Amino acid sequence: MKKISLTKLDEFFAAVAASQNLYLPVDGAKGAEYSLWTEGTVMSKAYNTLRSAKDFFFPQVETLAAFKVNGKNIEVEDVRKETEDFVVFGVRACDAKSFEILDSVYLADPVDSYYASRREHGVIMTLSCKKPTETCFCKAFGIDAANPGGDVSCWMTDSELLLQANTEKGEALLASLSILEEADDNAADSEKEKLQTILDKLPLGNLSTESFGGDKLMALFNSDKWEALSESCLACGTCTFVCPTCQCYDIRDYDTGHGVQRFRCWDSCMYSDFTLCAHGNTRNTQMQRFRQRFMHKLVYYPANNNGVFGCVGCGRCLRSCPISMNIVKVMKALEG
Amino acid sequence: MRSETLIPKIGVVTDIRVDTPDVKTFRVVGLDGKKVFEHIPGQCAMLSVPGVGEGMFSITSSPTNEAFMEFSIKKCGCLTSWLHMMDVGQQITIRGPYGNGFPVESALKGKDLLFIAGGIGLAPLRSVINYVRDKKENYGSVHIIYGSRSADDLVDYQEILNEWQTDENVKVDLTIDRPQEGWDGHVGFIPSFVEELKPDLSRTVLICGPPIMIKFTLDGLKKMGFQESQVYTTMELRMKCAIGKCGRCNIGNKYVCKDGPVFRFDELSTLPNEY
């Protein structure tokens with residue numbers, strides 16, 4: 001384990017940012033958001049960022065290819081560029097876990113090269129939570145907020161930042177930072193214990209996942225609870241956009257006047273045109289679309305991924321849904 | 001830079017055949033004049049017109065056709081309308097092959113086959129029919145039941161008349177929905193026609209057509225004594241990536257683009273009915 005005094009935190013960030021872009025949570029008008037670190041940037045102390053860190057690997061919009069159309073002829077242009085190295089600091093345990101879920105989709109054969117390139121060049125430095133809040137329920141999905149994953153795990157005591165590399169990439173980064181000092185391997189223990197006492201008291205800490213999983217597919221799909229649960233859903237899609245594990249996308253073309261850009265952007269299964277085909281729509285009602293989102297996270301994804309759920313309990317959907325419907329309410333209703 | 005399936009290749013349209021008032025069949029090769037890729041009967045390709053859109057289409061031609069691929073496409077939306085306006089020589093983009101295809105080298109081998117198709121639903125089955133005809137030593141006899149709205153809507157009627165009906169290993173039964181001048185064949189919907197024909201219960205069935213036709217035909221087949229495990233279909237849902245990532249064609253824990261589009265009905269019956 002390595003350490004650095006908090007009085008030298010700015011020097012530490014400067015050292016990381018010397019050779020690559022460094023992003024960390026910074027307080028904004030509506031809450032914390034990841035921002036590029038420059039000298040004088042102050043890291044947010046918020047429990048988490050408004051948007052998840054998935055944007056770094058799966059951006060909201062990106063160009064996949066470009067085309068030049070000339071009469072009957074078409075030229076395909078590969079617009080991909082090698083991603084430059086970057087570091088994301090301050091990722092919470094829940095969001096770090098979400099990358100494993102995105103990996104299982106985008107790195108499965110055939111590999112999504114756009115995503116893979118960013119994953120290869122990005123170093124995730126997680127930071128153990130200081131003040132998890134009442135909407136947090138990562139524990140329900142087996143995530144230990146006191147031992148966050150990522151390439152490097154960090155803990156902040158009252159006086160020091162402690163750093164533990166978990167991967168080769170993380171080792172290499174820490175080895176390159178001569179500003180760091182050696183620390184005892186158990187230096188973070190008291191910090192972990194402090195957090196544990198808070199985690200134990202969280203109201204949603206003991207949410208049960210027992211009623212869910214791939215083996216309960218048709219029973220849950222046919223539940224009579226979906227109608228009432230989905231009745232007030234506005235189909236705004238906010239839950240999907242703030243969700244660190246939602247990974248569905250649309251591909252569209254845009255004619256710039258100088259050629260065609262084929263881009264992909266986030267999409268939402270909550271939208272009516274998501275499944276609209278020439279022959280009709282396979283999910284005609286909001287109930288069906290609402291059910292799809294939760295079934296995917298709690299049943300379909302685990303069915304294909306050894307029981308791992310497609311939710312990390314970050315609580316963003318609990319905070320941002322305009323009608324206060326969310327996965328916790330869905331889980332409680334379905335198990336009852 | 002690693003390969004990327006989402007970046008398509010160029011295809012050249014070398015022939016356009018008008019099959020029905022709203023179906024055309026497009027012959028496609030690569031810039032080198034050869035097939036863009038090899039496929040298994042029942043697999044699909046993403047075709048696109050840059051600036052208009054991209055869509056998944058079943059490959060109509062048999063893999064035994066070594067010169068080109070064909071796509072029978074019904075005009076029903078933005079992209080397909082554009083495709084229907086094309087002239088020969090037009091370039092489009094193509095990527096694939098996608099999906100599992102029919103089990104022509106395993107479960108279908110040695111079997112007597114029954115094909116049931118409605119309208120444009122013949123497109124994916126035609127690939128299997130012609131594959132089986134070209135490799136007839138590997139398969140039993142072939143029975144084809146095909147129907148459409150009118151005689152004018154039978155896709156590639158010339159091939160049915162000149163090649164299938166003259167093939168001694170193939171029995172073809174055609175029907176149209178309503179009586180029509182000049183048509184002395186059967187008139188009536190496919191589900192009831194299938195029941196009238198009483199096909200041999202030992203046949204393995206491959207069915208494709210409008211969802212409502214599939215539903216009633218399957219009910220009829222089951223009533224006659226066919227098992228769900230001997231009936232295959234191929235599905236069509238909205239798709240964007242074609243590789244099981246964009247999430248659109250997700251039904252239960254399956255993705256139609258990669259786990260399908262070919263499913264056996266006993267597999268489908270364990271999934272939500274969202275297709």
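How many helices and strands does chain B have? Color this predicted model by secondary structure and count along: chain B carries six helices and 15 strands. Its radius of gyration comes out at 18 Å, close to the 19 Å that the globule rule gives for 275 residues, so chain B is as compact as a globular protein of that length.

Stay with chain B and line up the view with its principal axes. The C-alpha atoms fill a box of roughly 55 × 45 × 35 Å. If you shade by burial, 52% of the 275 residues show up as buried. A contact map is worth a glance too: among contacts with a separation of 6 or more, 70% are between residues 24 or more positions apart.

**Stop 1: the sheet in chain B**

Select strands S1 to S6 of chain B. You get an open sheet of six strands, ordered S4-S3-S6-S1-S2-S5, with antiparallel pairing. At the edges sit S4 (53–58) and S5 (69–74) of chain B, each pairing on one side only. Turn the sheet and look for the twist, which averages 40° from one strand to the next.

Now zoom in on S1 (residues 9–20) and S2 (residues 23–30) of chain B. This antiparallel pair runs over eight bridges. For a landmark, pick B:Val12 and look across to S2(B), where B:Val29 stands opposite.

**Stop 2: the two domains of chain B**

Give 9–98 one color and 113–268 another: these are domain 1 and domain 2 of chain B in the domain assignment. Their C-alpha centres lie 21 Å apart. Where they touch, 20 residues come from domain 1 of chain B and 19 residues from domain 2 of chain B. On the domain 1 side, S1, S2, S3 (44–49), S4 and S5 of chain B each supply at least two residues. Color that side of domain 1 of chain B by class and you'll find nine nonpolar, nine polar and two charged residues.

**Stop 3: a loop residue**

Next, select B:Asn138. Which loop holds B:Asn138? The one between helix H2 (122–134) and strand S8 (142–148) of chain B. B:Asn138 has 14 C-beta neighbours inside 10 Å, so it counts as partly exposed. Leave aside its neighbours within four places in sequence, and B:Asn138 is in contact with B:Lys109 and B:Gly110. For a distance label, try B:Gly101: it is 37 residues from B:Asn138 along the chain, with 17 Å between the two C-alpha atoms.

**Stop 4: over to chain A**

Chain A is also divided into domain 1 (2–201) and domain 2 (214–335). The centres of these chain A domains, taken over C-alpha atoms, are separated by 25 Å. Show the contact between them: 30 residues of domain 1 of chain A meet 25 residues of domain 2 of chain A. S4 and H2 of chain A are the elements giving two or more residues to the domain 1 side. S4(A) provides the largest share, nine residues. By class, that side of domain 1 of chain A has 17 nonpolar, seven polar and six charged residues.

**Stop 5: where the chains meet**

Finally, bring both chains into view. Here 40 residues of chain A are in contact with 35 residues of chain B. On the chain A side, elements supplying at least two residues each include S4 (61–70), H2 (93–106), S11 (249–255) and H9 (286–304). Color this side of chain A by class: 23 residues are nonpolar, nine polar and eight charged.

Note on methods
Residues numbered from 1 in each chain as written. Chains lettered and ligands numbered in written order. Predicted model: local features only at pLDDT ≥ 70, side-chain atom pairs only at ≥ 80, totals over all residues. Pairing = 2+ DSSP bridges. Helix = DSSP H or I, 4+ residues; strand = E, 2+ residues; numbered from the N terminus. Axes fitted to C-alpha atoms, helices over the stretch in contact; angles between N-to-C directions. Contact = placed C-beta atoms within 7 Å. Nonpolar A, V, L, I, M, F, W, Y, C, P; charged D, E, K, R; others polar. Domains from an automatic or database assignment. Rg over C-alpha atoms; globule rule 2.2 N^0.38 Å. Buried ≥ 20, exposed ≤ 12 C-beta atoms within 10 Å, placed from the backbone.
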